[in-house]
Amino acid sequence: MLGSSIFESRIDVTKVLSVGIATLDTIVLVDKYPDANERVIAREMVRAVGGPATTAAVTMARLGVDVSLSCVIGDDDAGRFIFDQLKREGVDTRNVMIDSHTPTAVGTIVVSASQQTRAIMVQPHQTLPGKPANLAEYGWIHVDHFGMDALKVWGVKRGGSAKLSIDIGYDSPGLRSSDYDLFVPSENVTTDVSSAARDKNIVVISRGSDGSIFSDGIDTGMVPAIKTTVLSTLGAGDVFHGALVAAQVWGKSLTESVEIANTVAGISCRALDGQSGIPTKAELDAYRAQVRS
């Protein structure tokens with residue numbers, strides 16, 4: 001099992017709870033960002049579900065993992081769109097909280113085809129989901145920055161019945177690597193994986209097209225990114241995190257787990273939005289078999 005030299009599994013780890021924010025995003029593809037007061041023609045425009053923990057949950061569901069999402073959505077059209085999409089993807093929605101006093105978080109994202117970058121504008125809410133009654137069922141709890149705050153309110157700490165994983169894109173108050181069994185920050189937070197030895201956990205940092213570096217305190221290494229046609233990298237980091245947790249559920253080695261996460265994230269870049277391009281388990285297996293042949 002991944003990290004078995006560090007972790008002693010006490011419960012069945014096949015069920016995952018993903019905790020964080022869900023957004024309804026409008027995504028616009030342009031050749032280049034407009035200058036001030038400039039009008040540009042959109043090549044494509046889509047509406048899609050987003051949010052780090054939400055995209056990770058959809059990734060796990062596509063890969064066949066039993067995953068539930070804990071988030072807050074409003075009792076509005078945007079919230080109903082998100083809820084229906086989660087159901088279609090096979091994500092367990094029993095822990096999705098519908099709050100008539102909280103508007104669903106929304107975002108607008110502009111993707112530049114020529115620069116392969118994006119500009120993200122989000123209107124979030126600040127309502128945290130309530131502690132699930134079935135929390136003890138889950139072997140893994142995966143969180144984003146909203147989920148990090150939720151765990152603190154719930155009183156959930158590392159060393160309990162579930163292993164904790166975090167996807168964090170920027171340094172946040174109270175963030176500590178040692179609070180998580182699987183610490184997966186962006187390069188905005190740190191580029192150093194050596195803390196794994198000190199914190200007795202696993203640290204993985206995705207660097208996009210430059211591959212991913214990792215350490216479990218014993219082994220340290222790098223796995224290259226796959227070569228693929230990229231339409232948009234939107235959500236690829238969140239997909240990476242979901243696939244990495246899925247690989248842990250499957251009991252893969254650390255190196256193979258990162259290779260799987262790189263592959264799933266790379267394939268997902270075939271779509272403009274952060275979710276529709278995520279491969280299924282069958283697609284992942286077929287791709288890896290072709291690479292090995």
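**View 1. R288, a buried residue, and its salt bridge to E259.** In this predicted model, R288 has a relative accessibility of 12% and therefore counts as buried, where buried stands for under 20% relative accessible area, exposed for over 50% and partly exposed for values in between (1.4 Å probe, protein chains only). Its partner E259, at 25% relative accessibility, is partly exposed. The two side chains meet in a salt bridge with an N to O distance of 2.6 Å, and the pair links distant parts of the chain, since E259 belongs to helix 6 (residues 254-268) and R288 to helix 7 (residues 281-292), 29 residues apart. A salt bridge requires a side-chain nitrogen of Lys or Arg within 4 Å of a carboxyl oxygen of Asp or Glu, while helices (H or I, at least four residues) and strands (E, at least two) are DSSP runs numbered from the N terminus. Residues are numbered from 1 along each chain as its sequence is written, and side-chain values use heavy atoms, with hydrogens and water left out. Because the model is predicted, local features need a pLDDT of at least 70 and side-chain atom pairs count only at pLDDT 80 or more, whereas totals for chains, interfaces and linings use all residues.

**View 2. The salt bridge between E89 and R62.** The side chains of these two residues meet at 2.8 Å, N to O. E89 lies in helix 2 (residues 77-89) and R62 in helix 1 (residues 52-62), so the contact ties together parts of the chain that are 27 residues apart in sequence. Both partners are buried, E89 at 15% relative accessibility and R62 with a relative accessible area of 18%.

**View 3. R158 and D181, a salt bridge between two loops.** The closest N and O atoms of R158 and D181 are 3.1 Å apart. This pair also links distant parts of the chain, with R158 in the loop between helix 3 (145-154) and strand 9 (163-168) and D181 in the loop between strand 9 and strand 10 (182-185), 23 residues apart. R158 counts as partly exposed at 26% relative accessibility, whereas D181 is buried, with a relative accessible area of 7%. Elsewhere, K15, D92, R94 and E137 are linked in a network of salt bridges, and the structure holds 16 salt bridges.

**View 4. Helix 2 and its buried face.** Helix 2 has 13 residues and reaches 18 Å from its first C-alpha to its last, close to the 18 Å expected, the expected span being 1.5 Å times one less than the number of residues. Its buried residues are A78, G79, I82, Q85, L86 and E89. Around the axis of helix 2 these buried residues fall within an arc of 130 degrees, so they line one face of the helix; the arc is taken over the directions from the helix axis to the C-beta atoms. An α-helix has 3.6 residues a turn, so residues three or four places apart point the same way. On the other side of helix 2, D77, K87 and R88 are exposed. The cover over the buried residues includes strand 2 (23-30), strand 3 (44-50), helix 1, strand 4 (66-74) and strand 5 (96-99), contact meaning heavy atoms within 4.5 Å. Helix 2 is followed by G90, which has a positive phi near 85 degrees.

**View 5. The crossover from strand 4 to strand 5.** Strand 4 and strand 5 run parallel and are joined by four bridges, strands being paired if DSSP finds at least two bridges between them. V72 has M97 in strand 5 as its bridge partner. Between the two strands the chain passes through helix 2, and this β-α-β crossover is right-handed, in the sense that, with the strands pointing away from the viewer, the path from the first strand over the helix to the second runs clockwise.

**View 6. Helix 5 in its surroundings.** The 14 residues of helix 5 (residues 236-249) should span 20 Å at 1.5 Å a residue, which agrees with the 20 Å between its end C-alpha atoms. Of these 14 residues 13 are buried, so helix 5 is largely enclosed by the rest of the structure. G251, which follows helix 5, has a positive phi near 75 degrees.

**View 7. N37 and K200, residues other than glycine with positive phi.** Most residues other than glycine have a negative phi. N37, in the loop between strand 2 and strand 3, has a phi near 65 degrees and is exposed at 85% relative accessibility. K200, in the loop between helix 4 (195-199) and strand 11 (202-206), has a phi near 55 degrees and is exposed, with a relative accessible area of 57%.
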